[in-house]
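Here are a few worked exercises to try with the model open beside you. Have a go at each task before reading its solution.

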Amino acid sequence: MKILGIDSSGLVATVAIQSNDILVGEYTIHNKKTHSQTLLPMIQDMLRMAEVPVEELDAIAVAAGPGSFTGLRIGAATAKGLGQALNIPLVAVPSLEGLAYNLAGADALVCPIMDARRNQAYYGIYDVSGEMPVVVAEQDAAPIDTVLQKVRETGREIIFVGDGVPVFANRIAEEEGLAYRLGADNVRYQKASSVAALGRKYMEQGKGVPAERFVPIYLRLSQAERERMEKENISSGTNE
């Protein structure tokens, strides 16, 4: 089984190919270019260098969210277009679960945090000591103080990963008595290899779906939608 992994849910654009249990190739870019500029060329270059014809792909694993609204839509559109053209299934991998899987086998809980702006974070808490991440706290969007409270309630050491680490590092350090570590740079950000590996496991569980049925997981309204609702509330004289 050859699976293409795609993750454009955050600052990083990353793609990978996994053939059965072998990582054939991975291509990651972390710069200021938009994912619409990088994602397809990255996929094309990686397939060419790995000498894997696109027709040999059996499925596409996609980081389904939460994360950047624009990034998620670009990733979804790319995967859906390829999936429909090749008539192969897509498998949704929660973005935070993919991040947690970067530390598969760690004897600690992992809390991925992605910057959701307005002092909030997308987060989840996972036990990654086994073959599959086990959800300890479901992924959600919440103020960073709420996230740290949830982490404290586990009573265990936590490893933080994700693009929220540099954003909230000072606040985390202020939390007295919290047993934690910050994930190293090489495992901190999204890795399509993790998405592809989890996608393979989910495919074996029968969780692949036709491309047209794939839907990203947003968790909350986009900034544009929130601003529109705020303007509507103001114009109608409400304050909700």
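The exercises below go from the whole chain to its cores and then to some backbone details.

This is a predicted model, so to speak of local features pLDDT must be at least 70, side-chain atom pairs count only at pLDDT 80 or more, and totals for chains, interfaces and linings use all residues. Residues are numbered from 1 along each chain as its sequence is written, and side-chain values use heavy atoms, with hydrogens and water left out.

**Exercise 1. Overall build**

Task: count the helices and strands in the protein chain, then work out how compact it is.

Solution: Start with secondary structure: the protein chain holds 8 helices and 10 strands (DSSP runs, H or I of at least four residues for helices, E of at least two for strands, numbered from the N terminus). Next, take the radius of gyration: it is 18 Å, close to the 18 Å that the globule rule gives for 240 residues, so the chain is as compact as a globular protein of that length. Here the radius is taken over C-alpha atoms, and the rule is 2.2 Å times the number of residues to the power 0.38. Finally, look at burial: 49% of the 240 residues are buried (under 20% relative accessible area, with exposed being over 50% and partly exposed in between; 1.4 Å probe, protein chains only).

**Exercise 2. The cores**

Task: find the largest nonpolar core and say which elements build it.

Solution: A nonpolar core is a set of buried Ala, Val, Leu, Ile, Met, Phe, Trp, Tyr and Cys residues joined through side-chain atoms within 4.5 Å. The largest one has 23 residues, and Leu 4, Ile 6, Val 15, Ile 43, Ile 60 and Leu 90 have the most contacts inside it. At least two core residues come from each of β1 (2-7), β2 (13-19), α1 (35-50), β4 (59-63) and α2 (69-86). The largest share, 5 residues, is from α1. Apart from this core lies another, of 18 residues, including Ile 113, Tyr 123, Ala 142 and Ile 158.

**Exercise 3. Backbone oddities**

Task: where is the cis peptide bond, and which residues between β6 and β7 have a positive phi without being glycine?

Solution: The cis bond joins Gly 65 and Pro 66, with omega about 5 degrees. Pro 66 sits in the loop between β4 and α2. Now move to the loop between β6 (109-115) and β7 (120-127), where Arg 118 lies. Phi of Arg 118 is near 55 degrees, and Arg 118 counts as exposed because its relative accessibility is 54%. Asn 119 lies in the loop between β6 and β7 as well, with a positive phi of about 60 degrees.
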